Amino acid sequence: MPAIRVTNLTKTFRTKHKAAGLAASLRSLVRPQYSTVEAVRNLSFEMEAGELLGFIGPNGAGKSTTIKILTGILYPTSGEAEVLGFIPWKQRRKLAYHIGTVFGQRPQLWYHLPAIDTFTLFGKIYELEDREAKKRIGKLSEAFEIRDLLQIPVRKLSLGQRMRCEVAASLLHKPKLLLLDEPSIGLDVVAKQHIRDAIREMAVHENVGVLLTSHDAGDLEALCKRVIIINHGQIVYQDKVSTLKRSHLTSKLVEVRYAEQVPVDFQIPGTETVKVARERYGVKLRFETRHTAVEQVMAALSAAGTLVDITISDPPLEEVIASIYQTAS
Amino acid sequence: MKKYLAIFKINLLNNLAYPAELITRALMILIFMWIFFQLWAVAFSESGTGFLSGLSLREAIWYFLLAETLELGRPRLARLISEQVKDGSIAYLLNKPYDFLIYQLFAGLGESLPRMAMLFLLGGGLVWAMAGPPPGISGWPLAAILLAGAWLLHFCFNALIGLAAFVSEEVAPFEWIYQKFTFVLGGMLIPLDFYPVWLQSISKALPFAYMMYAPARIFVKPEWSHFLQLLSNQAGWLVLMGGLLILAYARGLRRLAINGG
Amino acid sequence: MMRELRYLVFLWKMNLSAAMEYRAAFLTQSIGMIVNDGIYFITWMIFFDRFPSVRGWTLTDMFIAFGISASAFGLAGMLFGNAFNLGEIIAKGRLDYYLSLPRPTLLHVLASRMVPSGMGDFLYGFISYFASGQLSLDGLGRFLVGILLATTVFIAFLVTIQSLAFWLGTGGTFTALAVNAMITFALYPITIFNQAAKVVLFLVIPAAFMGAVPAGFVQQFTWSTLGLMTLGATGFLSLAILVFHAGLRRYESGSAIQVEV
C-alpha cells in the first residue's frame, strides 16, 4: 500500500482583494473584489512506504498547500488523497499519531527550556509510556549526536544543533511518514551535511517515508531517491534524482575576469555567452557538460587572456525548473 | 528643527492611515464615559444637593473626559523605549543624526495628537448628550496649556521608566504601578476635591496631581489664580523630571557605550 | 477525558518551568501585579469612604467582587494564557502547529502559555477577599467555586472574541477593547446600571458573571445564584467552542486569512 496516494487534487483559494487607503477600504466593504488562486491543479502522484521523496518547486508553486492538505490542515476543493490509509482532512487526529513534521521556519522546541523537556512533552502528546519514551530518546540522541545537548536550554543552542533536536523530536513517536519543510534553511555547510546524514540513517533504519520540500538542491541530492517538481500547482517533472542529475543539472555557469579587455563579441566554441560586462573585463558564459568538455572550456578561457578571477556555478534550481517546464510544455 | 517636524508628521500620518484603529480606541472612551456617568449620577443623586465639593455632575463628567482623553491618548512610551533598549534597536536609533529623546517627543506627539482629538470629540459628543454642554470657552486655552504640561510630565516619567530597562530586566511592573499612582494620586477616577483633606494635601505635594487633576479641573472651573498656582507647580515638576530624564539618558548612553548594548 | 486532564497538567508544569527559567522576572511580575491591583483598589476605598453605599453596593461587596475578578483573570492567564493572544495565533498561521498534533486543538493552544503576572492577580484576589472581613470556611468554598465559574466565563468570552480573527484577520485592537470593557464593567458596582444595561452585562459582555453575581454568591448561598452562574458558564463555554470550531472549519478551507501558496 502506498504511503501517500493523491488523485486529481485541486485547491482553489478565493481571496478578497483590497488596495491600501481609506477609499479602497470603504469600496471593498460595499463591493468586495475577489481574486481566485488555483494553488493546486489536478495533482496526482503516489509515494511508496519508506520512500525518500523530494517535493520541490519555486515559491508559489503549490508545495505548502499540498503539504497542508496531506496533513489535514486544509481540505481540497476537489480530488482525493490518502495518507497512510487515512483521509487527512477527515481523520486528522488519527493520522497525526503516525506522521512527524519539521518546518524549518516554525520551531516546535520550547525556546526557554532544555530540549529534553520538549521531548518529554512529545512523549505525552503522542501517549507514549514513560519507559518507552525514555528508551526512544536515548536511541535518537545517539543517532543525532545530541546527548550532550539535551539539558541545555534551546535558546543557547546553535541553529544546527537546534535543527538536529527538532528532527529527533519529530521521530520520537516512530512515525511512518516524516514531512520535512526546509529543514536545512539557514544552516552552514557542515551542519547541513550532519543533519542530512542523520535523517537518511534514521529513515533507512526505521523504514520511515520522508517527504522533503526544499529549495536547496543539496537537500534533494542527499536525501531523496525520487523527486517531484511542482510548478503552478501541477507536476512538471517526476523521476529519480539520478535521472534529473543526468539529464538536467548538467549545465554550468562560468564567470571570468581578465586583466585585459575582451572583444564585445567574445565567444568560446561550445559555449553560450550570457553577458559581456560593460567595461569588458568580465564575461559570463554557460555551457552543457554533455556537449562540451569542461577541459576544453577551461583551456579556451585561459588561452583567451590573463585570467584574474573565475567563478563556476550550477544553475539555480529555479532555472532548472523553468527549463524543465519549458521542455515539458 | 525641520527633521523633528518631519518625524512628527510621519507619525501623525501613520496614525491617520489606520482609521479603524483610531475608532476602536475611541470606543474605549465611550465605554468609560458611559460607566462613569452611571456611577456618578447615582453618587450625585444620593447627595441631595446636586453638588459635591463645589462640582456639579456635569462638571464632574467633563472633568473625567479630559482626564481620560489624556490617559488614553498619551503614547505608551515606557514600553516602547524599554523594548528598544532590550532588543538593542536603540543603537540603531542612536546612530541617527538626531537626539533620541527629542525624536521620541515628536514621534509621540504625532501619535498622540490625532488620538486625543478623536477621543475628545467622540467622548465629548457622548458626554454632551448625557450630562450637558461643555464648560465655557474661557477655560479652554488655560486647560490646553496645563494639558500640554501634563503631557510633557507623562513623557518624562514614561521615558525614565523606559530607560530603566538599562538596569532592570522587567520594566512592565513599574509602568503599571506608575499608572496606578497617577490614577489614585492624580485624581483620574475621582476628582481630588472629593478626597479626604489629608490625602488631598499629599496629592498636591506630588507631581501626579499636575498630570491629571490640573488640566481637568481648570477645564471645568477656570480660575485665574488657581491656574497660576497649578501652572507654577507643574512647571517646577517639569524642570525636576526633565532634569532627571536628561541625567538618566546621559547615564544610559554611557552604559551603552561601555557595554556595547 | 482523564488523558486530556493529565496532559493539561503536564503542559501547565512545563509552562511553570519555562517561567521559572527567569525567576526574577516571574517574581517581579507577580509581586508587581499584586501592588498594582492594591493601589488601584485604593481608589475604591477612597470612593466608598465618601459614598458608603451605591444603591446598596458597599465596600465589602467591592472587596469580594474585585477579588473574584482578579483571581479569575489571574487564573485564566496562568492556565490558559494563550486565550489572550489566540487572535494573533490564528492570524499568523501558527495554529498549524497545533493542528498537526494529535491533541484537541483549542485546549492545547490555550494551555500552551502562562502569563507570568497571572499569579499576582490570582493571589491578590484572595488578599482582597480576606480584606473584606467576610471570611468563613464555607464562604471560602463559595469563593473558590465563584472563581472557577468566573474564569470559565472569562476564557469563553476571550475565545469567542479572538475567534473572530478567523473571519476578520487580526483586529487586535478590537480584542483589547473587548477585554478592557469586560474587566472595567466587572469592577464597577452593578447597581449603577439600568435594566437594559444589565441585560448586556449578562448576555453580551458577561461582566456580571465575573464580578457581581459570584460576589453575591460568596456572601450568601442560594441555589438560584449557583444555577445562574453554572448556566452562564456552560452557555458561554458552548458558544466559544462553537464559534472556534466554525472558524476552524473556515480556516481549513483556506479562505481564512493570508494564503501561503
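Here's a quick tour of a few spots in chain C, from a pair of helices to a residue tucked inside and a patch on the outside. Keep in mind that this is a predicted model. Two residues make a handy contrast: C:Met229 counts as buried, while C:Leu203 counts as exposed.

**Two helices crossing**

- When two helices pack, people describe them by the angle between their axes and the distance between those axes.
- For helix H7 (residues 118-131) and helix H8 (residues 137-163) of chain C, the axes come within 12 Å and cross at roughly 145°.
- The crossing of H7(C) and H8(C) is right-handed.
- On the H7(C) side, the residues that meet H8(C) are C:Phe122, C:Gly125, C:Phe126, C:Tyr129 and C:Phe130.
- Their partners in H8(C) are C:Gly139, C:Leu140, C:Phe143, C:Leu144 and C:Ile147.

**A residue on the inside**

- Look for C:Met229 in helix H13 (residues 223-252) of chain C.
- C:Met229 counts as buried because its relative accessibility is 2%, and the cut-off for buried is under 20%.
- Setting aside neighbours within four places in sequence, C:Met229 touches C:Leu149, C:Phe209, C:Val213, C:Pro214 and C:Phe217.
- One of those contacts, C:Leu149, sits 80 residues away from C:Met229 in sequence, yet their C-alpha atoms are 6.6 Å apart in space.

**A patch on the outside**

- C:Leu203 belongs to helix H11 (residues 195-203) of chain C.
- With 62% relative accessibility, C:Leu203 counts as exposed, because the cut-off for exposed is over 50%.
- C:Leu203 joins C:Val199, C:Val200 and C:Val204 in a nonpolar surface patch, and together these residues have about 360 Å² of accessible area.

Technical notes. Residues are numbered from 1 along each chain as its sequence is written. Chains are lettered from A and ligands numbered from 1 in the order in which they are written. This is a predicted model: local features need pLDDT of at least 70, side-chain atom pairs count only at pLDDT 80 or more; totals for chains, interfaces and linings use all residues. Side-chain values use heavy atoms; hydrogens and water are left out. Patches are made of residues with over 30% relative accessible area and no salt bridge: like charges are joined within 9 Å, nonpolar side chains (Val, Leu, Ile, Met, Phe, Trp, Tyr) within 5 Å. Accessible areas come from the Shrake-Rupley method with a 1.4 Å probe; for residues, only the protein chains shown count as cover. A salt bridge is a side-chain nitrogen of Lys or Arg within 4 Å of a carboxyl oxygen of Asp or Glu. Helices (H or I, at least four residues) and strands (E, at least two) are DSSP runs, numbered from the N terminus. Buried means under 20% relative accessible area, exposed over 50%, partly exposed in between (1.4 Å probe, protein chains only). Axes are lines fitted to C-alpha atoms, for helices over the stretch in contact, and angles run from 0 to 180 degrees between N-to-C directions. A crossing is left-handed if the near helix is turned anticlockwise from the far one by less than a right angle, and right-handed if clockwise. Contact means heavy atoms within 4.5 Å.
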